[in-house]
Amino acid sequence: YPTKSPAILYFRDPLDCIEALFNHPYYADHMIYTPFRVFTTAERVVREFSEWMSGDVAWQMQSNLPAGATLCGVVLSSDKTHITNMCGGKVAHPLLISLANIKMAVRNKASSHAFLLTALIPVVEFIHPVPRMRSVLEARLFHQCLDIILQPLKIAAQVGRMMSDPVGGLRHCFTPLAAYIVDTPEACMLACVRGKTSPVTMASHKHFGDAFRHERCTGAKTLSQLSRIQCDPNDVERYFFLCKQFRLSGVAKPFWRNWPLSDPANFLPPEPLHHWYRKFWDHDVQWCKNALGAQELDFRYSVLHPIVGMRHFNHGIMTLKQVTGRAQRDMQRYMIAVIGGAASQDVVIAVRALMDFRYLAQAPRITSIVQENISAALLEFHNHKDAITSKGLRRGTESRAALDHWLIPKLELMQSVAPSISELGVPVQWSADTTEHTHIEVVKEPASTTNNQNYDAQICRYLDRVERCRLFETAIRLCAVSRREDLWRKHHKTNTKTNAELVVYLRGLWLEGSVIAKWGGVLHT
């Protein structure tokens with residue numbers, strides 16, 4: 001099918017990216033090699049979840065690998081981002097890659113550089129008389145690009161790859177897909193389902209307001225449904241029509257179909273930034289505004305006493321133009337106190353239940369008891385949500401007419417949060433905050449150095465040079481450290497601070513790229 005511009009895919013070997021992260025010396029003390037289970041007591045009654053390796057999915061993957069093999073969970077993330085802000089409308093679609101073995105406290109720090117750019121997926125416009133078919137073709141192109149890019153990881157997930165860990169030991173590594181961090185529309189595209197359909201369960205838009213979790217939508221079920229469609233996929237319109245009975249998107253060959261141990265029901269985790277905080281702004285705040293009125297809500301926010309360390313909205317919140325995830329987190333700290341005494345009791349209980357849900361689910365460590373409390377908080381909201389619709393607080397965005405349904409995809413995705421904790425670890429590690437910030441470093445900043453022509457090629461060239469300079473600087477400084485240690489050994493002197501100083505030294509080198517570090521009493525620049 002013709003496009004308005006050529007589709008050019010820029011990518012590098014993702015297996016090399018995984019190996020670079022796996023053997024980097026900075027992550028030596030922050031790497032987990034085997035799945036584990038933690039219990040709060042010796043009786044093993046209450047289990048504690050934290051890292052991806054503490055979940056059941058990693059445990060099951062490890063049991064399917066050969067004896068002595070090392071599980072290297074691949075973390076991917078993709079999202080369209082604007083290159084030009086004022087004019088031009090240039091858009092890039094970067095694909096980021098990371099390693100789930102790295103502890104989330106380090107992986108989620110933007111300064112740790114744990115997410116690497118592995119591809120720039122082409123963003124093209126197809127020429128087709130039916131607008132809906134253009135989006136189908138774009139989704140097919142996206143899956144085809146991922147199929148090409150991720151082929152080395154699929155081979156390594158099947159037969160393994162010998163890699164060197166940060167301390168020099170050889171390990172037989174397998175690379176299944178652990179998580180794919182995306183927003184809701186892109187999650188549906190990856191799961192090959194249509195809009196108004198859950199990407200992880202069998203629920204459609206009519207069941208988004210149900211107070212229970214529906215049956216999981218596994219990859220095997222999707223592939224089985226695709227096999228029952230007797231039609232040439234090149235006949236896009238007819239194929240898309242036949243996909244309607246299964247609520248599929250029209251993608252005939254999902255990228256994950258031949259990736260061992262990878263299932264969209266497992267690698268599409270809850271994403272806090274879009275699923276929780278964005279929902280709070282799009283829905284919870286609107287309910288409170290309709291209950292109190294925009295002026296009253298702003299007035300109550302403005303008269304709150306300022307608290308050191310917390311943001312004060314001295315002009316209210318309804319006049320904000322660009323609301324970031326940080327602003328949404330700051331707003332919800334005050335919301336219950338603001339609406340208390342003004343909204344009805346059932347409305348306050350419903351909003352408070354969702355607040356409890358978010359605060360409990362964003363913890364870095366969650367026990368099985370807290371996991372039950374998360375499910376109970378969501379159930380409490382469903383028990384009191386009728387007060388919101390009965391009072392006409394849920395309204396259309398444009399029509400402003402009262403709505404009596406709960407067609408909110410993110411509300412249905414909340415049903416998968418508590419089960420995912422025991423499967424994939426705590427949800428906070430899958431937040432898109434880090435990947436959104438990485439877009440600035442790997443796309444927007446390099447684009448600002450170009451001549452505004454052929455952005456993708458110049459971005460790749462810029463990042464290639466920066467990475468080479470960083471690796472060269474790392475090698476030089478590691479050699480200087482080695483020579484200094486040899487000199488100490490030659491004079492039979494012990495340095496009790498060598499290991500600690502080496503960690504500080506490597507951290508400064510990795511974060512800054514070029515630092516002045518004091519090592520063994522000598523300044524190296």
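Colleague: Which element gives the most to the lining of the second largest cavity?

Modeller: Helix H18 does, with 3 residues. This is a predicted model, where local features need pLDDT of at least 70, side-chain atom pairs count only at pLDDT 80 or more, and totals for chains, interfaces and linings use all residues. Residues are numbered from 1 along each chain as its sequence is written, and side-chain values use heavy atoms, leaving out hydrogens and water.

Colleague: What makes a space a cavity?

Modeller: On a 1 Å grid over the protein atoms alone, a 1.4 Å probe fits at its points but cannot get out, and lining residues have an atom within 4 Å of a point. The whole structure has 3 cavities of 30 Å³ or more. About 60 Å³ lies in the second largest, whose lining includes Ser-77, His-274 and Glu-436.

Colleague: How does the lining of the second largest cavity divide by class?

Modeller: Into 3 nonpolar, 5 polar and 3 charged residues. Here Ala, Val, Leu, Ile, Met, Phe, Trp, Tyr, Cys and Pro count as nonpolar, Asp, Glu, Lys and Arg as charged, and the others, Gly among them, as polar.

Colleague: Why is H10 called roughly perpendicular to H11?

Modeller: H10 (272-292) and H11 (294-302) pack at about 105 degrees, with axes 6 Å apart. Roughly perpendicular covers 65 to 115 degrees, so H10 earns that name against H11.

Colleague: Which residues meet there, H10 against H11?

Modeller: Val-285, Lys-289 and Leu-292 in H10 meet Ala-294, Glu-296, Leu-297 and Arg-300 in H11, where contact means heavy atoms within 4.5 Å. They divide into 4 nonpolar, no polar and 3 charged.

Methods: Axes fitted to C-alpha atoms, helices over the stretch in contact; angles between N-to-C directions. Helix = DSSP H or I, 4+ residues; strand = E, 2+ residues; numbered from the N terminus. Parallel < 35°, antiparallel > 145°, perpendicular 65-115°, else oblique. 1 Å grid on protein atoms, 1.4 Å probe; cavity = no way out; pocket = protein on both sides within 12 Å on 5 of 7 lines; lining within 4 Å. Points joined across faces, edges and corners; volume = space filled by probe spheres on them.
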